[in-house]
Structure formats: C-alpha cells, structure tokens
Amino acid sequence: MPNEFEPITSQEQFDQAIKARIERAQAKAVERFADYDDLKAKADRLDDLERTSKADIDAANERIRELEDAAAKRDEADAVREARDRVSRETGVPASLLQGETEEDMAASAKAINDFALSKAPGYPLDKGGAAKADPAQARRSIEEIRNPAQRVMARAANISLYQ
C-alpha cells in the first residue's frame with residue numbers, strides 16, 4: 001500500500017513535514033501585516049490631530065463663554081442705564097444723582113431727592129417777581145445751566161410748574 005501512514009519519530013521528520021505549511025503561514029502573516037507600520041503612524045497622526053482639535057475646540061468654547069458673559073454684562077448695564085434715563089426723564093432728577101440697580105430703587109431715590117429739594121426750597125419767591133414776566137422756556141434753560149446738581153434740583157423744585 002503506497003499511502004500507508006508512517007508515524008513521525010524525530011523532530012527533523014516533523015520539521016520537514018510542516019516546513020512548507022509554516023512558510024505559507026509566515027508569508028501570509030507578513031503579507032497581512034506588511035502595512036502595520038504605516039497604519040500605526042497614521043493612527044498616531046490622527047490621535048495628535050484629535051488632541052489638537054480638542055484643544056482648539058476647548059479654547060474656542062472658552063472664548064465663546066467669555067464673550068457671552070461680556071455681552072450679558074453689557075446688556076445688563078444698558079438696561080440699568082436705560083432705566084436710569086427713563087426715571088430721570090419722568091421725575092426731572094438728573095440721572096447722575098439716581099441710586100439703585102432697579103427702576104423701583106431709582107424711582108425711590110428720585111422721590112427722596114425731590115422730597116429733600118422741596119424741603120430745602122425757600123418759602124418765598126427767588127426772583128422777587130421778575131421771572132413772572134420772563135419767557136418760561138428761557139427760565140427753564142437758565143435752571144438747566146446751573147452747574148451744581150443740588151442747586152439745580154432745588155431750582156427745579158422751586159419752579160416745578162415749568163416741568164409739568
């Protein structure tokens with residue numbers, strides 16, 4: 001019988017029998033992993049890009065947060081300034097004298113300033129009758145030209161009819 005099984009009795013016989021199979025497996029492995037170094041280098045570059053991209057994104061997000069905070073503060077300051085101007089127009093008290101962050105606080109401040117000014121206003125006419133013949137617009141302009149804010153408020157209080 002020509003196909004009779006012969007047992008392997010030595011290491012040399014075993015090596016000879018599987019040598020071809022080992023060579024094919026090695027060739028296949030070398031072929032399969034031939035581009036391993038290229039792929040590893042590409043993967044490393046991708047990791048570096050992801051890290052730098054993440055750092056750039058984090059920096060951009062931080063800058064966005066800073067700008068949003070600055071815009072919110074600016075909007076808040078604008079709202080306070082608008083409220084101060086509105087209360088100033090409504091009450092006749094200069095905006096620079098008003099205190100408070102809310103419109104209600106500013107209105108209370110304006111009322112307190114007006115009450116103070118009225119309490120300090122003299123009980124007699126300041127012009128001794130001469131202003132009665134004067135133009136009301138001219139009288140109002142002369143009051144607005146008073147540089148001292150406290151005196152200006154007192155003059156407004158004394159001539160409140162010009163502002164109504």
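The legends below describe close-up views of a predicted model.

**Figure 1. Overall fold of the predicted protein, built from helices.**
The secondary structure amounts to 5 helices and 0 strands. Read from the N terminus, the order of elements is α-α-α-α-α. Of the 164 residues in the protein, 11% are buried. The structure contains 9 salt bridges, and three of these pairs are shown in the views that follow: Asp44 with Lys40, Arg51 with Asp48, and Arg156 with Glu144.

**Figure 2. The salt bridge between Asp44 and Lys40 in helix α2.**
The closest N and O atoms of Asp44 and Lys40 are 3.8 Å apart. This pair counts as a salt bridge because the cut-off is 4 Å between a side-chain nitrogen of Lys or Arg and a carboxyl oxygen of Asp or Glu. Helix α2 covers residues 36-91, and the two partners are 4 residues apart in this helix, a separation of about one helical turn. An α-helix has 3.6 residues a turn, so residues three or four places apart point the same way. Asp44 is partly exposed, at 36% relative accessibility. Lys40 is also partly exposed, with a relative accessible area of 41%.

**Figure 3. The salt bridge between Arg51 and Asp48 in helix α2.**
Arg51 and Asp48 approach to 2.4 Å, taken between their closest N and O atoms. Both residues belong to helix α2 and are 3 residues apart, about one turn of the helix. Arg51 is exposed at 53% relative accessibility. Asp48 is partly exposed, its relative accessible area being 40%.

**Figure 4. The salt bridge between Arg156 and Glu144, linking helices α5 and α4.**
The side chains of Arg156 and Glu144 form a salt bridge with an N to O distance of 2.6 Å. Arg156 sits in helix α5 (residues 149-158) and Glu144 in helix α4 (residues 136-144), so the pair ties together parts that are 12 residues apart in sequence. Arg156 is buried, with 12% relative accessibility. Glu144 is partly exposed, at 34% relative accessible area.

**Figure 5. Arg152 and the buried residues of helix α5.**
The buried residues of α5 shown here are Arg152, Val153, Ala155, Arg156 and Ala157. Which side chain of opposite charge is nearest to Arg152? It is that of Glu144, 4.7 Å away, and Arg152 has no salt bridge although it is buried. The separation is outside the salt-bridge cut-off, because that requires a nitrogen and an oxygen within 4 Å. The side chain of Arg152 does reach the backbone oxygen of Ile146, at 2.5 Å. At the N-terminal end of α5, Asn148 acts as a cap: one of its side-chain oxygens lies 2.9 Å from the backbone nitrogen of Ala150.

**Figure 6. Ser109 and Asp115 of helix α3.**
Is Ser109 buried or exposed? At 12% relative accessibility, Ser109 is buried. Its side chain comes to 3.2 Å from the backbone nitrogen of Gln99. Asp115, also placed in helix α3, is partly exposed with a relative accessible area of 40%. The C-alpha atoms of Asp115 and Ala157 are separated by 9.0 Å, while the two residues are 42 residues apart along the chain. Ala157 is among the buried residues of α5.

**Figure 7. A negative patch on the surface.**
Glu76, Glu101, Glu104 and Asp105 make up this patch of negative charge. Glu104 belongs to helix α3, which spans residues 103-120. At 59% relative accessibility, Glu104 is exposed.

**Figure 8. A positive patch on the surface.**
The members of this patch are Arg21, Arg24, Lys28 and Arg32. Arg24 is located in helix α1 (residues 11-32). With 51% relative accessibility, Arg24 counts as exposed, because the cut-off is over 50%.

Key:
Residues numbered from 1 in each chain as written. Predicted model: local features only at pLDDT ≥ 70, side-chain atom pairs only at ≥ 80, totals over all residues. Heavy atoms only, no water. Helix = DSSP H or I, 4+ residues; strand = E, 2+ residues; numbered from the N terminus. Buried < 20%, exposed > 50% of the residue type's maximum accessible area, 1.4 Å probe, protein only. Patch = residues over 30% accessible without salt bridge, like charges linked within 9 Å, V, L, I, M, F, W, Y side chains within 5 Å. Areas by Shrake-Rupley, 256 points an atom, 1.4 Å probe, with all protein chains shown as cover. Lys, Arg positive; Asp, Glu negative; His and termini not counted. Charge placed at Lys NZ, Arg CZ, Asp CG, Glu CD. Polar contact = N/O pair within 3.5 Å; in protein donor to acceptor, adjacent residues only side chain to side chain.
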